[in-house]
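Biologist: I'm new to this one. Could you walk me through it?

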Amino acid sequence: MKSKTTLKTLMLPIAILFLVLSSCIDEYDRFTAYEDNSLLDNFFRTVQSYEEKVILDNQSISTIYTEHNAVITIPANAFADLDGNVVSGEVEFTYLDIIDQSLIMLYHVPTISSGEMIESAGVFRLSAQQSGVELQLVEKIKIQLPSENPVDDMRLFYGKESENDQFDWQVVSSTGSELGWEQVTINEWSIPDSLNGFGFGYEFLVDALTWINCDRFSNIPEDEQTSVCVSLPDEFTNKNTAVYIVFNDIKSVIGLYGDPQKMLFCDSYESCPVGYGVTFVVISSRDDGTYRLGIKETVLEKDHEESIELEEKTIQEILDILGMF
């Protein structure tokens, strides 16, 4: 695992998660989530502190420079109420700027698009409110995402929960859109007060307040893809445990989910590439209010199955370890 900036103290929740252990359950109940999942939800709420909020004047152009040096440019009159009426005055704009795999895990937005693995250059989530009421976007926002080595096949994706509650990234289509607006381009831009005076990387427009991802398809040949499953002791189930595959050399994270037939946590799409170095990450709650973390590095093989041991960790210890991704 390559060392990166340690996660902020007590940050980042995730709307994933599963549940407290139940003592008497049959085998197939182990992979059936209950509605009450407060234990892990409370853990992730406790560590949330990454979203940023700014107050904007909707009648003026606004430019935001994020912690990771991305630039978000919002045109005048960009926000309207849900009836389509452009609002006046101050707007509370909230944004999340993710470049590390740690936050992809903690926000449970794995890099999968309709069953295909994708590689992320950066993830954003945007929202806006006025007086506590949600607003919609009626003018396109420009995002400039720095990259030292940009590639020319990046595309724009919007995120959503799928029918089986697994997060999915959907590529933005040009159908019905202004020709080419959704394409990701490589550009240079000026940065006020910057040491070198300019930024360089990806530039794209978005027309929705949602999850946004600048990605490219991994294009792994079908004969080089494999199923991957993780075996855990019986008390670790999809009710109380989240399991991820973090790729060591590309910006991809795959979520593993409870398979009631195999009684394992598995990649639902069997789309993982053989021969890639990865780190398995397992986060779990216990009914006594403690937490467990499992970390294991390996190289993916055909029909890969991994057994992982978990150790008790504090909240801060978990965040410090995840901050290495």
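Here are a few questions and answers about this predicted model.

Biologist: How many helices and strands does the protein have?
Modeller: Strands make up most of the list here, with 25 strands counted. The helices number three. So you're looking at three helices and 25 strands.

Biologist: Which strands are the edge strands of the open sheet?
Modeller: The open sheet has eight strands with mixed pairing, in the order E24-E17-E20-E19-E18-E22-E23-E25. An edge strand here pairs on one side only. That fits strand E24 (304-307) and strand E25 (311-313).

Biologist: Which residue in E25 stands opposite Tyr291?
Modeller: Strand E23 covers residues 291-299, and E23 and E25 pair in the antiparallel sense over three bridges. Across from Tyr291, in E25, stands Lys313.

Biologist: Is Glu306 buried or exposed?
Modeller: Glu306 in strand E24 forms a salt bridge with Lys296 in strand E23, and the closest N and O atoms are 2.8 Å apart. Lys296 is partly exposed, at 31% relative accessible area. Glu306 has a relative accessible area of 9%, and buried means under 20%, so Glu306 is buried.

Biologist: How many residues apart in sequence are the parts that Arg216 and Asp153 tie together?
Modeller: The side chains of Arg216 and Asp153 meet in a salt bridge at 3.4 Å, N to O. Arg216 lies in strand E15, while Asp153 lies in the loop between strand E10 and strand E11, so the pair ties together parts separated by 63 residues.

Biologist: Which residue joins Asp153 and Arg216 in a network of salt bridges?
Modeller: The structure holds six salt bridges. In the network, Asp153 and Arg216 are linked with Glu119.

Note on methods
Residues numbered from 1 in each chain as written. Predicted model: local features only at pLDDT ≥ 70, side-chain atom pairs only at ≥ 80, totals over all residues. Heavy atoms only, no water. Pairing = 2+ DSSP bridges. Helix = DSSP H or I, 4+ residues; strand = E, 2+ residues; numbered from the N terminus. Salt bridge = Lys/Arg side-chain N within 4 Å of Asp/Glu carboxyl O. Buried < 20%, exposed > 50% of the residue type's maximum accessible area, 1.4 Å probe, protein only.
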